[in-house]
Protein chains: 4
Amino acid sequence: MATILSVSGSPSATSRTARLLRHLDDRLRAHGHDVIPFDVRTLPPEALLHADFRHTAIVEATALFERADGIVIGTPVYKAAYSGLLKSLLDLLPQYALAGKTVLPLATGGTTAHVLAIDYALRPVLNSMGPAHITPGWFTLDKDITVGDDGTLTVSPGAAEALAQVTDQFSLALGGRPTLLAATG
Amino acid sequence: MATILSVSGSPSATSRTARLLRHLDDRLRAHGHDVIPFDVRTLPPEALLHADFRHTAIVEATALFERADGIVIGTPVYKAAYSGLLKSLLDLLPQYALAGKTVLPLATGGTTAHVLAIDYALRPVLNSMGPAHITPGWFTLDKDITVGDDGTLTVSPGAAEALAQVTDQFSLALGGRPTLLAATG
Amino acid sequence: MATILSVSGSPSATSRTARLLRHLDDRLRAHGHDVIPFDVRTLPPEALLHADFRHTAIVEATALFERADGIVIGTPVYKAAYSGLLKSLLDLLPQYALAGKTVLPLATGGTTAHVLAIDYALRPVLNSMGPAHITPGWFTLDKDITVGDDGTLTVSPGAAEALAQVTDQFSLALGGRPTLLAATG
Amino acid sequence: MATILSVSGSPSATSRTARLLRHLDDRLRAHGHDVIPFDVRTLPPEALLHADFRHTAIVEATALFERADGIVIGTPVYKAAYSGLLKSLLDLLPQYALAGKTVLPLATGGTTAHVLAIDYALRPVLNSMGPAHITPGWFTLDKDITVGDDGTLTVSPGAAEALAQVTDQFSLALGGRPTLLAATG
């Protein structure tokens, strides 16, 4: 129903954040949405870091944000805040790139001591970009995400339930089908 | 007397932030300190964004932080916070890379509406890295910084006085000579 | 259509924040909502400050929050954040007192340098209380609010337009009538 | 050597925060400082909440801040931030009431999920008041503080060590004797 851009801001090639987002993408598709997965780390580093607004890849990324009705923003927590990689992309977008959009903020990290980074660090930055609605987000502990040898991701029950809930609230805010889906670890 | 690393986190090649820091470096040298200018944008973008901790340039940057007694951190304010470029470097440093160090936070921006970004966004990230002392910082408006045709930088009187004051407090916290220097626009 | 609690967190008896909220209450009523004005300063100070959860006035205030579908939270900005008076009330409410509710955050202050206090200080506290939706807020400069000798409040045109816009977005998020109302200074 | 005001911002009569501060006061006295214990909850609630700057008790509290070289600020964490009671007092102090002073921020709370409240909520407010130095603070979990039947306070070993360290750093920043004191639970 809605077009959703699902953005991973992890600099790591084997990121739990990215895998978690791809996992949630399936849930959003089951709600009837068109989901576009996006990894900031696939953008050309030089264009990103030197604020090269006119580089084709940056122009295309900006267009993806424009097209989307909903944006999932996922980031690992480093040094008590979002990743520098994610912020580098946000810095390149227009000031009001989130105007009219619904946003779901997600973070992953090694310690519950960083839970507040979503509300005190990530949300204020997203808010400065003029979104219509930032729905309730979730911080997932690294230890609650397990990646099997075959690449299959498993989320521990408590975290899976919370993620299902914030994903469904985000979907509903976008006018998605209130389909009953079980929390899937 | 002390070794100071003066870090510009601006992605722009013609940055006011960088020029302002180089200007203040002179004042710190006049106080008797050894100042090492550093521009994050000179680091290899790929190493920075893909968290390549072992890249020579990253290893060298980490060593510069280790050697320094004092660190000046300068950043433009984008989207209500520090630059993604600066955060990308901080993300690559050890968790307690600022342990035992004295830090001077500086920001530049287009509007006074972003003044609080130093205290609400930059300081919490710096604090997570364990510094001994973050001295009072300053937010300088872009319009208070003028760059002449010959590259000479002029700071408007009010801003120059405030910058001189926070620079001198930083110097004193590092055990610098309390030399009387006039504020120099 | 919805029941709205409009909360002023100003400690001053002649508060611009309180007057501004009462002014916006009329706009919300014109959208068809039932608006309950509420001044935290009318609560018994001792019950408020000594965390006396069982005091009748606190029990009644808690019930007002429970009944409301939407909450307007207005605060002056002191020391770079919301008022201690407002926080004293929030401290006494249940942890998830905002669950399922739509919230409009508003602040007033003497300088644009405090604009970010809404996003960096007030919203994180409100978010910790589990709201469904915190709609875009607004920071109004004291100088844009004039109180006449007869108590009539006038808001300067730019601020009036912005306030009308965030009030209408809040009303729409609550399912209010999308009536066309002009911005009223 | 220095005069220290040790401020508890807990609204509770049987507060762990207050007891913890009184416990640390002894350590600061052993370092040679003159320590003045202060509980915000002993101030007249009405004066505090209605911004009655001229009330004798408020004038006296302001004078205590003026006299002090160092200030310990202790607060429970409620709703992801400092207490409303503490903020009510800070709101009544002059804008630069902390100018030239050294400040030690301490917090207590029920969950590690609130650790960042010191850096993201409390420090920005304190910084707006112009302190010379906010030394590293500490967040103590409620469960690490035990109060015996005779009122004796015991802090669990890990927390006691951390508290001893931040207290000693604060003392040193105030020019205190670098006496070797063991961490005392």
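Colleague: How does the radius of gyration of chain A sit against that of a compact globule with 185 residues?

Modeller: This is a predicted model, so take the value as computed from it. For 185 residues, a compact globule would come out near 16 Å. Chain A agrees with that rule, and its own radius of gyration is 15 Å.

Colleague: What does the C-alpha trace of chain A span along its principal axes?

Modeller: The trace is built from six helices and eight strands. Laid along the principal axes, the C-alpha trace of chain A spans about 45 × 35 × 35 Å.

Colleague: And which pattern does chain A follow along the sequence?

Modeller: There are six helices and eight strands to place in chain A. Reading along the sequence, the order is β-α-β-α-α-β-α-β-α-β-β-β-β-α.

Colleague: Over to chains C and B: which three residues supply the most of the area that chain C buries there?

Modeller: 10 residues of chain C touch 10 residues of chain B. The area buried between the two is about 790 Å², with 66% of it from carbon and sulfur atoms. On the chain C side, 67% comes from just three residues, more than any other three would give: C:A113, C:L116 and C:Y120.

Colleague: How many residue pairs are in polar contact across that interface?

Modeller: Salt bridges don't come into it, as the count between chain C and chain B is zero. The side of chain C that touches chain B has eight nonpolar residues, two polar and no charged. With both residues at pLDDT 80 or more, the rule still finds polar contacts, and the number of residue pairs is three.

Colleague: What kind of axis relates chain C to chain B?

Modeller: Chain C superposes on chain B by a rotation of 180° with 0.0 Å of shift along the axis, at an RMSD of 0.0 Å. That relation is the one given by a two-fold axis.

Colleague: Which residue of chain C has the C-alpha nearest that axis?

Modeller: The copies meet through the same surface, because 100% of the interface residues of chain C are also interface residues in chain B. In chain C, the nearest C-alpha lies 2.4 Å from the axis, and it belongs to C:A113.

Colleague: Now chains A and B: which C-alpha of chain A is nearest the axis there?

Modeller: A turn of 180° with a shift of 0.0 Å along the axis lays chain A on chain B, with an RMSD of 0.0 Å. Here too one surface serves both copies, with 100% of the contact residues of chain A recurring in chain B. At 2.2 Å from the axis, the nearest C-alpha in chain A is that of A:G84.

Methods:
Residues are numbered from 1 along each chain as its sequence is written. Chains are lettered from A and ligands numbered from 1 in the order in which they are written. This is a predicted model: local features need pLDDT of at least 70, side-chain atom pairs count only at pLDDT 80 or more; totals for chains, interfaces and linings use all residues. Side-chain values use heavy atoms; hydrogens and water are left out. Contact means heavy atoms within 4.5 Å. Buried area is the accessible area (1.4 Å probe) that two parts lose on being put together, summed over both. A salt bridge is a side-chain nitrogen of Lys or Arg within 4 Å of a carboxyl oxygen of Asp or Glu. A polar contact is a pair of N or O atoms within 3.5 Å; within protein, one must be able to donate a hydrogen and the other to accept it, and residues adjacent in sequence count only if both atoms are side-chain atoms. Ala, Val, Leu, Ile, Met, Phe, Trp, Tyr, Cys and Pro count as nonpolar, Asp, Glu, Lys and Arg as charged, and the others, Gly among them, as polar. Copies are superposed by least squares on the C-alpha atoms of residues with pLDDT of at least 70 in both. Helices (H or I, at least four residues) and strands (E, at least two) are DSSP runs, numbered from the N terminus. The radius of gyration is taken over C-alpha atoms; the globule rule is 2.2 Å times the number of residues to the power 0.38.
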